[in-house]
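Thanks for coming. I have one structure to go through today, so please have it open in your viewer.

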Amino acid sequence: MSVNKKSSNLVIISGPSGSGKTSICNELTKSPRVEQSISYTTRKPRDGEGNGIDYCFVERSEFERLIKEDKFLEYAEYCGHLYGTPVGPVREVAEDNKIFILAIDVQGALQIMKKRPDAIYIFIKAPDDETLKQRLKSRLTEDDEIINKRFMAAKKEMEASKHYDYCVINDRLDDAVKEIEGILQI
Ligand code: 5GP
């Protein structure tokens, strides 16, 4: 992991499902300086998720059309569903004083590393496997098969953490958020 100080306004946050990155991003976006990209996905909305708020939920055929039209900065298949970052908003913030966050999986982050080596890459980890599994289970919105799939994907994703600029352990949410605010000087 490199420790060079970058000063990009593009920040990529990855970490396995259950690492708590959604809660972290929700805290970070309370700052008026921080905005978060809204991804496209072919997965169905969970209870409480809104279209155009949490994700833009689309059919696979629509997603594939957007790929053909080169509308994604990156996209990846994760546990059977497609997820992608629309390229437009990333371009728009390039000149802005705002910090723009992408919360995406490792496959997507590795694609962006090639295009945007200047961006800041942060990997979030749960403190241990047991906590990770508990967090996945406590969502109660997914069945055992999906939880196990996500747990296995998490173990694999963890191997890529060495490519990131920073690795933050999310034991207590407040501490993890403070650490990232420190890194980004928010
Ligand atoms: P979930 O289904 O739990 O919302 O997301 C599953 C995984 O997909 C998470 O690791 C999440 O960060 C990732 N993800 C969300 N949006 C994107 C995206 O636009 N691109 C990529 N590559 N991954 C994404």
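I will start with how the model was treated, then cover the ligand site, two residues that pack together, and two backbone angles.

This is a predicted model, in which local features need pLDDT of at least 70, side-chain atom pairs count only at pLDDT 80 or more, and totals for chains, interfaces and linings use all residues. Residues are numbered from 1 along each chain as its sequence is written, and side-chain values use heavy atoms, with hydrogens and water left out.

First, the ligand. It sits in the largest pocket. A pocket here is an open set of points on a 1 Å grid over the protein atoms alone, where a 1.4 Å probe fits, with protein on both sides within 12 Å along at least five of seven lines. Sitting in it means that more than half of the molecule's atoms lie within 2 Å of the grid points. Strands S5 (72-78) and S6 are the elements that give two or more residues to the shell around the ligand; strands are DSSP E runs of at least two residues, helices H or I runs of at least four, numbered from the N terminus.

Which residues are closest? Of the 16 that surround the ligand, they are Ser39, Arg43, Tyr55, Tyr83 and Asp105, where near means a heavy atom within 4 Å.

Now the polar contacts, meaning pairs of N or O atoms within 3.5 Å. A ligand oxygen is 2.6 Å from a polar side-chain atom of Ser39. For Gly84, a polar backbone atom lies 3.1 Å from a ligand oxygen, and for Arg150 a side-chain N or O atom is at 2.7 Å from one.

Next, Leu82, in strand S6 (residues 81-86). Is Leu82 buried or exposed? Leu82 is buried, at 6% relative accessible area; buried is under 20%, exposed over 50%, partly exposed in between, with a 1.4 Å probe and protein chains only. Beyond four places in sequence, its contacts (heavy atoms within 4.5 Å) include Tyr40, Thr42 and Phe63.

Thr42 lies in the loop between strand S3 (40-41) and strand S4 (56-57). Thr42 is also buried, at 10%, and its side chain reaches the backbone nitrogen of Leu82 at 2.9 Å.

Last, phi. Most residues other than glycine have a negative phi. Asp70 has a positive phi of about 65° and is exposed at 63% relative accessibility. Cys79, in the loop between S5 and S6, has phi near 45° and is partly exposed at 23%.

Technical notes: A polar contact is a pair of N or O atoms within 3.5 Å; within protein, one must be able to donate a hydrogen and the other to accept it, and residues adjacent in sequence count only if both atoms are side-chain atoms. On a 1 Å grid over the protein atoms alone, a cavity is a set of points where a 1.4 Å probe fits but cannot get out, and a pocket is an open set with protein on both sides within 12 Å along at least five of seven lines; lining residues have an atom within 4 Å of a point.
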